[in-house]
Amino acid sequence: MSAETFEFQVEARQLLQMMIHSIYSNKDVFLRELISNASDALDKLRLEVLRDEGINEDVSDLHIDIEIDKEQRTLTVRDNGIGMSHDEVVKLIGTIANSGTAKFLKELKEAKDSASSEELIGQFGVGFYASFMVADDVTLLTRRAGESGGTRWHSTGEGTYTVESVDDAPQGTSVVLRLKAEDAEDQLFDYASPWKVREIIKRYSDFITWPIRMAVEKPAAQEPEPGAAEGEESAAEDKAEAEVETVNSMKALWARSKSEVTDEEYSELYKHVSHDWNDPLETIRIQAEGAFEYQALLFIPSHAPQDLFMQGFRRGIQLYVKRVFIMDDCEALMPDYLRFVKGVVDAADLSLNVSREILQQDRQIQLMHRRLVKKVLSTVKDMMSRDADRYATFWKEFGAVLKEGLLSDFENREAILGVSSFASTHDAAAPTTLKEYVERMKEGQQHIFYMTGDSRTAMESSPHMEAFKAKGFEVLLLTDRVDEVWVQSVPEFEGKPLQSIAKGEVDLDTEEEKKEVEAEREQRQADFAGLLSWMTDQLGGEVKEVRLSSRLTSSPACIVSDNSDVTPALENMLRAMGQ
Ligand code: ADP
Ligand code: MG
């Protein structure tokens, strides 16, 4: 059958160019990406067979092979996993499905120096395309389990790739990289060296639960014959045999005791499950024993992914049952507002056939869910008291998501409020917690004052702020979209009601002051009654009422809404949403 030529999707082409010109200095990670794909493919096949989905393949020896041909300078990664059909190859390898890609590429282009490019690439994880950092010619040969014909994909990473059907492909997938000639001289990038490759696997993929095998040259076992001439000794060295060995230890980290596992190992597992190239911010371990036994290894990333707020964002909790991978993106285990948490949960007593629907209803799973949430929140709380910088990073990256929980998770509302922080007029440089705010409240102050808006500067110069500034009241400055919404549904913190300074009558005075002011106001209201009703008439239906105000100190007028009305910022947001 003849090969069909396809063009790479625009985003894919851009990404490939970046890989070819390798702005990422740690090229070793290409192997992690390929091994991670192979491992996923083996997981999928095992699961399909266990679930008896009509697949008749031998799964008694699932593994990954790494093969190096020094002469040809090729490196092959082969698995006998699920494989891909012809259409899957076109769909999965020719395009980038990730919704954050366009945004990512734009930012990458705008990144000025290579350090920030590296960081961006690290955040994104480029998967299969990472091959083009080290190879200028890549061939993928694959056959889907259960199908008879195979598919060959080939590209030099330029503008196009070819796809062709082949009769005789072994089941599974092999990826053959022709290594870049220019790297041959550089020991650092000599991926045709078995020692180098072995070291990379050990470092990045040791915990992969499938055997990763490769031929490692061993010096010939027998000593040179006694009395042999000197010249023959080197001949014996040449006869060095290649022995196939399993390079990785295959230990599931979450099942090992804490003291046995190093931070680096945790980090590598994190990178495997999250597709992130950076270290996690925080690692959380849970080992539950008793009636319902499970182990969890959760991670809080060090930065928010590009698509965190996009629809269809995939959560990162993988579910295992006794070391057997069951599913990605297990939504039953983590609420939406913690969708950035990554990791692995391994439960002992679930059926391998468990479905998403069943999980949603399972009581044990619900208990597990509760425990995981509490543990994540308590970890953030610890972070807050233990390591202010780390907490600050956490909050900058994930605060806006976490606050969504104030709307959905009533059980943990106090805990979420407790680990939240907010910009405030108290200190422009540092956000405050509600607890700290309450501690600073003035004598007689009843409310926690806040304002919502687009930016700190706009709010600080808003007329609403004047009286508060003048009287020295602290005001929280809320700029996240979600702030508009949760402030409506969280009535108070530690008995102090939250009060928007842009709504209704805000009471800033003591009882006596109030009486005086009231008397004065009534007098003035009477004095100005004519003017005010004239102004109300002039403004027609635009306003409900024009009245005198005590809240302004330097602006002549401001617009306020009733307590029950929407705030100006929410009004803008609703308008933007077309409502
Ligand atoms: P990701 O792994 O993040 O999905 P990749 O670029 O690494 O992105 O791979 C894209 C897709 O191609 C995978 O999701 C998978 O469906 C498919 N794929 C890649 N390698 C293999 C393989 N060895 N076996 C089966 N499918 C594969
Ligand atoms: Mg991948």
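Fifteen residues surround ligand 1: of these 15 residues, Asn37, Ala41, Leu92, Gly127 and Phe128 come nearest. Two elements, α2 (29-50) and α3 (86-94), each give two or more residues to this shell. The top contributor is α2, with four residues. By character, the shell around ligand 1 holds seven nonpolar, six polar and two charged residues. All of this is read from a predicted model.

**The chain as a whole**

The protein chain has 19 helices and 20 strands. Of its 579 residues, 32% are buried. Take the contacts between residues at least 6 apart in sequence: 73% of them join residues at least 24 apart.

**Two helices**

How far apart are the end C-alpha atoms of α2 and α11? The table sets out the spans.

| Helix | Residues in helix | Expected span | End C-alpha distance |
|---|---|---|---|
| α2 | 22 residues | 32 Å | 31 Å |
| α11 | 15 residues | 21 Å | 18 Å |

For α2, the distance agrees with the expected span, because 22 residues at 1.5 Å a residue should cover 32 Å and the ends lie 31 Å apart. Just after α2, Asp52 takes a positive phi of about 55°.

Helix α11 (residues 388-402) falls short of the span of a straight helix. Where is the kink in α11 centred? It is centred on Lys396, and the kink is about 50°.

Which residues of α11 are buried? They are Tyr391, Phe394, Phe398 and Leu402. An α-helix has 3.6 residues a turn, so residues three or four places apart point the same way. The cover over the buried residues of α11 includes the strand β11 (294-300). It also includes the helices α10 (363-386), α12 (405-408) and α13 (413-418).

**A loop residue**

Arg323 sits in the loop between β12 (316-321) and β13 (324-327). Why does Arg323 count as partly exposed? It has 13 C-beta neighbours inside 10 Å, so it belongs in that class. A residue is exposed at 12 or fewer such neighbours and buried at 20 or more.

Arg323 also meets distant parts of the chain. Leaving aside residues up to four places away in sequence, it touches Thr209, Ala252 and Asp346. Thr209 lies 114 residues from Arg323 along the chain, yet their C-alpha atoms are separated by 8.3 Å.

Conventions:
Residues numbered from 1 in each chain as written. Chains lettered and ligands numbered in written order. Predicted model: local features only at pLDDT ≥ 70, side-chain atom pairs only at ≥ 80, totals over all residues. Expected span 1.5 Å × (residues − 1). Bend = angle between axes of the 7 residues up to and from the residue. Contact = placed C-beta atoms within 7 Å. Near = placed C-beta within 6 Å. Nonpolar A, V, L, I, M, F, W, Y, C, P; charged D, E, K, R; others polar.
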